[in-house]
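Ready for a few exercises with the model on your screen? Try each task yourself before you read its solution.

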Amino acid sequence: MEFWNHLQMQLEHKGFCRVENKKNWYWQEENPVLYLICLLDGAEEGWREENMTFADFAGKMEGSVEEFHCTRVVALSVLVDNQEGILPVDSVETAFQTYDNKLYRVFWHFSPETGRLSAAQGQPTQLGVEKLLRAAAAGREPEVLVLRIRRSRKRLLQRQ
């Protein structure tokens, strides 16, 4: 459970918003891309059905991508499960699905126990989210950016 709490903090800290009425669905607009993320708990029955519902949702969002001032949607499903061996990503028929060059469907498997991230052949494994998954698995808090005021020597010399 702690992993899920840390992951939620990591995502929200990076500007992801929760999709209304969905426990583990998030979105973020990063022009020109609208990112959609569905986190699937492999320990719960019904994750496959939830992934299908998410795929339908992503398809609908493709139709309204312009409302977000974006040109395409990247819909990432992440199955979070500590099981190894033959993974569901190995059976994904179309590795990196694209429809009208507006919707990209990506499916990952992530093991919090080992920090291992798997993707179906041909799918990307770097979208920035992988860092958040690993940070949550390690139990790290979101990084806080510290702004430092730097004064140039010239300014300091002028004031003296």
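## Exercise 1: A strand and its surroundings

In this predicted model, nine of the nine residues of β3 are buried, so the strand is largely enclosed by the rest of the structure.

**Task.** Work out which residues of β3 lie on one side and which on the other.

**Solution.** Start with a general point: in a regular strand the side chains alternate between the two faces of the sheet. Now walk along β3, which covers residues 33-41. One side holds V33, Y35, I37, L39 and D41. The other side holds L34, L36, C38 and L40. Every one of these residues is buried, so both faces of β3 are covered.

**Task.** Find which strands β3 is joined to, and how they run.

**Solution.** Take β2 to begin with: β2 and β3 run antiparallel and are joined by six bridges. To see where they meet, look at E30, which stands opposite V33 in β3. The two strands form a hairpin with two residues between them. Then turn to β4 (72-80). Nine bridges join β3 to β4, and these two strands run parallel. Here Y35 has V74 in β4 as its bridge partner.

## Exercise 2: Unusual backbone geometry

**Task.** Look at the loop between β2 and β3 and say what kind of peptide bond joins N31 and P32.

**Solution.** Locate P32 in that loop, between β2 (25-30) and β3. Next, check omega for the bond between N31 and P32: the angle is about 15°, and the bond is cis.

**Task.** Consider N21 and H69: what is the sign of phi in each, and is each residue buried or exposed?

**Solution.** For N21, phi is near 65°, a positive value in a residue other than glycine. N21 is found in the loop between β1 (17-18) and β2. Its relative accessibility is 72%, and the cut-off for exposed is over 50%, so N21 counts as exposed. For H69, phi is near 60°, again positive in a residue other than glycine. H69 lies in the loop between α2 (47-63) and β4. With 59% relative accessibility, H69 counts as exposed too.

## Exercise 3: Charges and rings

**Task.** Find the salt bridges and say which parts of the chain each one links.

**Solution.** The structure holds two salt bridges. As a reminder, side chains of opposite charge can pair when their charged atoms come close.

1. K23 pairs with E44, with the closest N and O atoms 3.8 Å apart. This pair links distant parts of the chain, 21 residues apart: K23 is in the loop between β1 and β2, and E44 is in the loop between β3 and α2. K23 is exposed at 58% relative accessible area, whereas E44 is partly exposed at 39%.
2. E66 pairs with K102, with the closest N and O atoms 3.0 Å apart. This pair also links distant parts of the chain, 36 residues apart: E66 is in the loop between α2 and β4, and K102 is in the loop between β5 (97-99) and β6 (103-111). Both partners are partly exposed, E66 at 43% and K102 at 28%.

**Task.** Where does the charged end of K22 sit, and which residues form an aromatic cluster with W4?

**Solution.** Look at K22: its charged end sits over the ring of W25, 4.6 Å from the ring centre. Then move to W4, which forms one aromatic cluster with F3 and F110.

## Exercise 4: Confidence

**Task.** Find how confident the predictor is across the chain, and where pLDDT stays under 50.

**Solution.** The chain averages a pLDDT of 82, and 78% of the residues score at least 70. Over residues 153-157 pLDDT stays under 50, and the model has one contact beyond four places in sequence for that stretch.

Definitions and conventions
Residues numbered from 1 in each chain as written. Predicted model: local features only at pLDDT ≥ 70, side-chain atom pairs only at ≥ 80, totals over all residues. Heavy atoms only, no water. Phe/Tyr/Trp six-rings, centres within 6.5 Å; stacked < 30°, edge-to-face > 60°. Lys NZ or Arg CZ within 6 Å of the ring centre and 35° of its normal. Helix = DSSP H or I, 4+ residues; strand = E, 2+ residues; numbered from the N terminus. Buried < 20%, exposed > 50% of the residue type's maximum accessible area, 1.4 Å probe, protein only. pLDDT = per-residue confidence, 0-100. Contact = heavy atoms within 4.5 Å. Salt bridge = Lys/Arg side-chain N within 4 Å of Asp/Glu carboxyl O. Pairing = 2+ DSSP bridges.
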